[in-house]
Amino acid sequence: MSIIKWSDSYSVGVKQIDEQHQKLVDLINRLFDAMSLGKGREVMASVFEELRKYTTNHFFTEEKLMFVYGYSNYEEHKHIHEDLLKQVSELKQKFEKGELKITLEVIDFLKAWLINHIQKEDQQYRQHFAEKGLT
């Protein structure tokens with residue numbers, strides 16, 4: 001069962017970025033599935049680490065494309081990425097210290113974080129990249 005189903009409305013029109021977004025959706029769904037089976041704690045550490053690494057890589061890709069293609073909101077978007085990475089890192093640390101349990105609240109936070117970022121922040125560069133011929 002999935003908590004997030006990929007939708008074309010999430011597409012930013014750049015294949016590489018869309019594929020990375022889909023991978024992030026898969027990671028959150030994997031965590032939700034494990035939690036639903038009562039195995040959230042068992043997979044949480046590895047999923048958080050994979051989420052942290054993959055998010056870092058994904059943000060690097062986006063930022064590189066923004067820089068190369070002269071996206072005017074590059075610095076602002078980079079700052080948003082830094083804040084999001086900090087939030088994921090803080091969640092991971094709380095989990096490792098035993099201060100965070102795998103709950104629907106955590107899953108909902110990750111889901112909202114990803115979907116809001118894609119639909120609000122990432123959609124802002126869609127037209128810019130399209131005008132530059134990036135697909």
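**Entry 1: Glu50 and its partners**

I began with Glu50 in this predicted model. Is Glu50 buried or exposed? Neither word fits: Glu50 has a relative accessible area of 25%, so I noted it as partly exposed. Next I looked for charged partners. Arg30 and Glu50 meet through their side chains in a salt bridge, with 2.8 Å from N to O. Arg30 sits in helix H1 and Glu50 in helix H2, so this pair ties together parts that are 20 residues apart in sequence. I also checked Arg30 itself, and at 38% relative accessibility it counts as partly exposed.

Glu50 has a salt bridge with Lys23 too, and here the closest N and O atoms are 3.3 Å apart. That pair again links distant parts of the chain, with Glu50 in helix H2, Lys23 in helix H1, and their positions 27 residues apart. Lys23 is partly exposed, at 29% relative accessibility.

**Entry 2: a pair within one helix**

Which residue forms a salt bridge with Arg52? I found Glu49, with the closest N and O atoms 2.5 Å apart. Both residues belong to helix H2 and are 3 residues apart, about one turn of the helix. Arg52 is partly exposed, with a relative accessible area of 29%. Going back to the earlier trio, I wrote down that Lys23, Arg30 and Glu50 are joined into one network by salt bridges that share partners. My tally of salt bridges came to 5.

**Entry 3: Val47**

I stayed in helix H2, which covers residues 40–68, to look at Val47. Its relative accessible area is 3%, so I marked Val47 as buried. What does Val47 touch, leaving aside neighbours within four places in sequence? I listed Leu27, Arg30 and Leu31. Val47 and Arg30 are 17 residues apart in sequence, with their C-alpha atoms 8.0 Å apart in space.

**Entry 4: Asp18**

Asp18 took me to helix H1, residues 15–36. Asp18 is buried yet has no salt bridge; Arg126, the nearest side chain of opposite charge, is 6.2 Å away. A salt bridge needs the atoms within 4 Å. I did find a polar contact of 2.6 Å between the side chains of Asp18 and Ser11. Beyond four places in sequence, Asp18 touches Trp6, Tyr10, Ser11, Val12 and Gly13.

**Entry 5: H1 beside H4**

How do H1 and H4 run relative to each other? Their axes come within 11 Å and cross at roughly 170°. An angle over 145 degrees counts as roughly antiparallel, and H1 and H4 are therefore roughly antiparallel to each other. Among the residues that meet here are Ile17, Leu24 and Phe32 in H1, and Leu110, Ile118 and Phe129 in H4.

Conventions. Residues numbered from 1 in each chain as written. Predicted model: local features only at pLDDT ≥ 70, side-chain atom pairs only at ≥ 80, totals over all residues. Heavy atoms only, no water. Helix = DSSP H or I, 4+ residues; strand = E, 2+ residues; numbered from the N terminus. Buried < 20%, exposed > 50% of the residue type's maximum accessible area, 1.4 Å probe, protein only. Lys, Arg positive; Asp, Glu negative; His and termini not counted. Polar contact = N/O pair within 3.5 Å; in protein donor to acceptor, adjacent residues only side chain to side chain. Contact = heavy atoms within 4.5 Å. Axes fitted to C-alpha atoms, helices over the stretch in contact; angles between N-to-C directions. Parallel < 35°, antiparallel > 145°, perpendicular 65-115°, else oblique.
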